[in-house]
Amino acid sequence: MSMDRRNALKNIIGITTVAAGATLVPSFANAADETWVPTPADFNNLQYVKLDPMEVAKIAYAGDVKDKGCMYQVFHALVTALANVEGPDQAKWAAIPTALSVYGSGGIFGQGTVCGNNNAAGMFYKWVKISTDSEGKKVGPKTLSMVSAFYEQTPLPFNDEAFLTAMGETAATFEEKVGVQTEAHSLLCHASLTRWSDAAGIPITAKGPRCTLLSASMAYQIAVILNAELEGADLSGFPGETEETSACLGCHTKGESPMGAASVMSHMECDTCHGTL
């Protein structure tokens with residue numbers, strides 16, 4: 001008996017389990033377009049619609065989601081939210097197998113490199129279409145660097161009463177298990193965790209409560225940023241390149257650089273790797 005790629009993928013994902021024995025549920029379980037198979041031609045071609053950021057965060061923090069790793073939390077929450085609301089590509093969003101994002105936990109399969117929150121943002125942004133221009137061409141989002149900057153520069157995870165209550169947490173549990181908010185000043189998992197552990201006095205082995213709440217915070221904020229971009233709102237209030245990074249990129253650009261400066265493609269904080277210049 002033959003099995004096409006979509007049915008094979010369903011079976012593979014349907015039986016995938018994590019160490020705890022929980023099954024990863026694909027996001028195409030309900031109302032999925034069974035005839036659609038994602039291809040590179042679909043990049044930046046699935047219409048984003050306005051989401052409720054708190055509902056996105058709740059999906060990310062659900063018990064059967066938050067134990068699958070940071071990248072899955074964020075990517076699954078955003079895709080599932082779009083599959084749950086009416087929109088022109090709702091069925092296609094429901095057909096995306098979000099379980100494929102589990103590789104990103106622990107800075108890509110436990111390597112401590114790029115944090116899964118940032119990896120998930122990039123993976124998600126690649127599918128999103130914000131609008132169509134006057135010539136009928138798809139227009140993708142332009143705000144990924146703001147997501148990265150928010151992760152680097154903002155004290156996280158969120159610990160305001162409204163957010164903690166929505167996640168089913170309290171200030172007391174935050175104090176006990178997370179301790180403090182910290183700024184990552186890096187897109188890397190190990191740097192973010194080290195800064196938090198040093199500030200909180202909590203061993204990295206107890207990172208779970210902090211990381212899962214941080215991922216819910218990032219899922220929330222990505223929805224906030226994309227909602228603003230979709231509505232054509234003023235984006236100047238969101239974090240961007242630091243003064244130091246902007247100064248560096250004045251010469252070091254991905255195009256032709258003045259004065260023979262090395263060409264780079266980067267929007268991350270420069271001093272993460274290079275120190276104070």
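Helices here are DSSP runs of H or I at least four residues long, numbered from the N terminus. The model is predicted. Within helix 2, Lys58 and Glu55 sit 3 residues apart, about one turn of the helix. The two side chains form a salt bridge, with the closest N and O atoms 3.4 Å apart. Lys58 has a relative accessible area of 34%. Because buried requires under 20% and exposed over 50%, this value makes Lys58 partly exposed. Glu55 is likewise partly exposed, at 40% relative accessibility.

The count of salt bridges comes to 4. Among them is the pair formed by Glu231 and Lys50, whose closest N and O atoms are 3.0 Å apart. This pair links distant parts of the chain, 181 residues apart. Glu231 belongs to the loop between helix 11 and helix 12 (243–249). Lys50 belongs to the loop between strand 1 (46–47) and helix 2 (53–60). Both Glu231 and Lys50 are exposed. Another salt bridge joins the side chains of Glu135 and Lys137, at 3.6 Å from N to O. Glu135 has a relative accessible area of 60%. Glu135 therefore counts as exposed, the cut-off being over 50%.

Helix 6 (residues 116–125) is mostly covered. Of its 10 residues, 8 are buried. At the start of the helix these are Gly116, Asn117, Asn118, Asn119, Ala120 and Ala121. Phe124 and Tyr125 are buried as well. The buried residues of helix 6 pack against several elements. Helix 4 (70–84), helix 5 (90–95) and strand 2 (128–129) are among these partners. Helix 7 and helix 11 are also packed against by the buried residues of helix 6.

Helix 7 and helix 11 also meet each other. Their axes, for residues 144–153 and residues 208–230 respectively, come within 10 Å. The axes cross at roughly 145°. The crossing of helix 7 past helix 11 is right-handed. Helix 7 contributes Met146, Val147, Phe150 and Tyr151 to the contact. Helix 11 contributes Leu214, Met218, Gln221, Ile222 and Ile225. By class, the contact has 8 nonpolar residues and 1 polar residue. No charged residues take part in the contact of helix 7 with helix 11.

How values were computed:
Residues are numbered from 1 along each chain as its sequence is written. This is a predicted model: local features need pLDDT of at least 70, side-chain atom pairs count only at pLDDT 80 or more; totals for chains, interfaces and linings use all residues. Side-chain values use heavy atoms; hydrogens and water are left out. Axes are lines fitted to C-alpha atoms, for helices over the stretch in contact, and angles run from 0 to 180 degrees between N-to-C directions. Helices (H or I, at least four residues) and strands (E, at least two) are DSSP runs, numbered from the N terminus. A crossing is left-handed if the near helix is turned anticlockwise from the far one by less than a right angle, and right-handed if clockwise. Contact means heavy atoms within 4.5 Å. Ala, Val, Leu, Ile, Met, Phe, Trp, Tyr, Cys and Pro count as nonpolar, Asp, Glu, Lys and Arg as charged, and the others, Gly among them, as polar. Buried means under 20% relative accessible area, exposed over 50%, partly exposed in between (1.4 Å probe, protein chains only).
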